[in-house]
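Student: I have a new structure to look at and don't know where to begin. Can you show it to me and take my questions?

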Amino acid sequence: MLTAAQKERALELVLALMAIPGKSGLESEVAAKVQQELTQAGLSADALEFDTAHLKCPIPESTTGNLIVKLDGTTSLPRRMLMAHMDTVPICVDARPVVQGNQVVSQDDHTGLGADDRAGVAAVLFAATEILREGTSHGPLTFLFTVQEEIGLHGAKNLDPAMLGSPELAFNWDGGDPTKLTVGAIGGYRMTIDIRGQASHAGVAPEKGVSAITVAGLAIAKLHAAGLLGKIDQGELKGTSNIGVIEGGHATNVVADRVQLRAEVRSHVTSSIEVFVRRFEEAFRQAATEVTNTEGQHASVQFDGNLNYEAFKMGEVTPSVQLASRVLNDLGHKPFASIANGGLDANWMFRHGVPTVTLGCGQHNQHMVTEMLDIEQFYIACEVALQIASGAGAAE
């Protein structure tokens, strides 16, 4: 069990981290705090480095890359990696965390808390600083703090696995119950849909125009009627889809000649994602042919998309899963396996050849103004992280 002093340090750490602005692409202040805490705990400068993953990410003004810390081991255990992502979603910017009973909540009702994933950062950072401060015996360790997870796992996607020191066991902290072992996650595809119509005066000659907005509306109606928006459950075809952004038009007296939509589809089956994308394209191309002007002109549609992350699933015999289970059991907790319906940095770590199990750290209602951090669950996450970093759970 954590001592009272350790709990105090852990809580102070997570409160400080949640109060730092740091939405995706602007994580430099968070990284500076992590670096400061590690340095004060005794980390040597040559053990820490930043990569340039942010230069390959979609936000032009990105301020920092992934932060990687490697420690030589004092024992001969296989290298272990502990990781979490530093960014939050925009609703959490300027959060003012406050303790209320056994929870941490946002003081303001218009902001989220940012426990996703500053609680994960705090749990990993707590383990690292405790080991450094106390001189605890440990095997070789890598601590990874990633960027731009919330907008498509871009930090994990663009990191160079060779910089990690070849970890054989890997653990990610990112949400929910600390006894939950997320051993798999959904795959996601994001697309941009550009509709080009024909502008005309909406009052004088609307018949000469081709409304891109009408095309978009018709396509959306087709997808809705086919049961392809929101939760999708059609036999073997299962997943979700969402059109989250629509931009276009200039004025009410002009037939809109251009509309851009941004959408996503998700599934645990890659072939289902391919079907969803094809059905989206079919709906918009068909709608474009059905909206014409008096000269027989119709809209054109262009698609640009990519698979942000592939679905993955690890078996119970995966070494990282087995070790996390042993640590939780030894601490008196009953672990349970889960498959996530959202993407995780672990999606890309799996693709990089580093199978990574994700554990919760007490945050709930993520991406909402009602987000909260369960303090006792957070302490469990910190204890689990410290035990794993210290070498606990090794197979006999």
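Tutor: A term to begin with: a helix here is a DSSP run of H or I with at least four residues, numbered from the N terminus. Keep in mind that this is a predicted model.

Student: OK. What does Gly-227 do just after α5?

Tutor: Gly-227 takes a positive phi, of about 70 degrees.

Student: And α5 itself, how far apart are its end C-alpha atoms?

Tutor: They are 20 Å apart. Helix α5 covers residues 212-225, which is 14 residues, and at 1.5 Å a residue the expected span is also 20 Å, so the two agree.

Student: What caps the N-terminal end?

Tutor: Ser-211 does, through a side-chain oxygen that lies 3.3 Å from the backbone nitrogen of Ile-213.

Student: Which residues of α5 are buried?

Tutor: Ala-212, Val-215, Ala-216, Ala-219 and Leu-223. Those residues sit on the same side of α5, because the arc they cover around the axis is only 100 degrees. His-224 and Ala-225, on the other side of the helix, are exposed.

Student: What do the buried ones pack against?

Tutor: Three strands and a helix: β9 (187-196), β11 (237-248), β12 (258-267) and α6 (270-290).

Student: Staying with β9, is Arg-196 buried or exposed?

Tutor: Neither. Arg-196, which belongs to strand β9, has a relative accessible area of 41%, so it counts as partly exposed.

Student: What does Arg-196 touch?

Tutor: Leaving out residues up to four places away in sequence, its contacts are Asp-257, Arg-258, Ala-299 and Ser-300. As for His-352, it is 156 residues from Arg-196 in sequence, and their C-alpha atoms are 39 Å apart.

Student: New topic. What is the order of the open sheet of four strands?

Tutor: The order is β4-β5-β18-β17, and the pairing is antiparallel. The edges are β4 (97-100) and β17 (363-364); each has a single partner strand, so one side of each has no neighbour in the sheet.

Student: Which helix packs on the sheet?

Tutor: Helix α1, residues 4-18, which touches β4, β5 (103-106) and β18. The direction of α1 makes about 140 degrees with that of β4.

Student: Back to the β17 edge. How many bridges pair β17 and β18?

Tutor: Two, in the antiparallel sense, with β18 made up of residues 372-374. In one pair, Gln-363 has Leu-373 of β18 as its bridge partner.

Notes:
Residues are numbered from 1 along each chain as its sequence is written. This is a predicted model: local features need pLDDT of at least 70, side-chain atom pairs count only at pLDDT 80 or more; totals for chains, interfaces and linings use all residues. Side-chain values use heavy atoms; hydrogens and water are left out. Two strands pair if DSSP finds at least two bridges between them. Contact means heavy atoms within 4.5 Å. Axes are lines fitted to C-alpha atoms, for helices over the stretch in contact, and angles run from 0 to 180 degrees between N-to-C directions. The expected span of a helix is 1.5 Å times one less than its number of residues. Buried means under 20% relative accessible area, exposed over 50%, partly exposed in between (1.4 Å probe, protein chains only). The arc is that of the directions from the helix axis to the C-beta atoms. A polar contact is a pair of N or O atoms within 3.5 Å; within protein, one must be able to donate a hydrogen and the other to accept it, and residues adjacent in sequence count only if both atoms are side-chain atoms.
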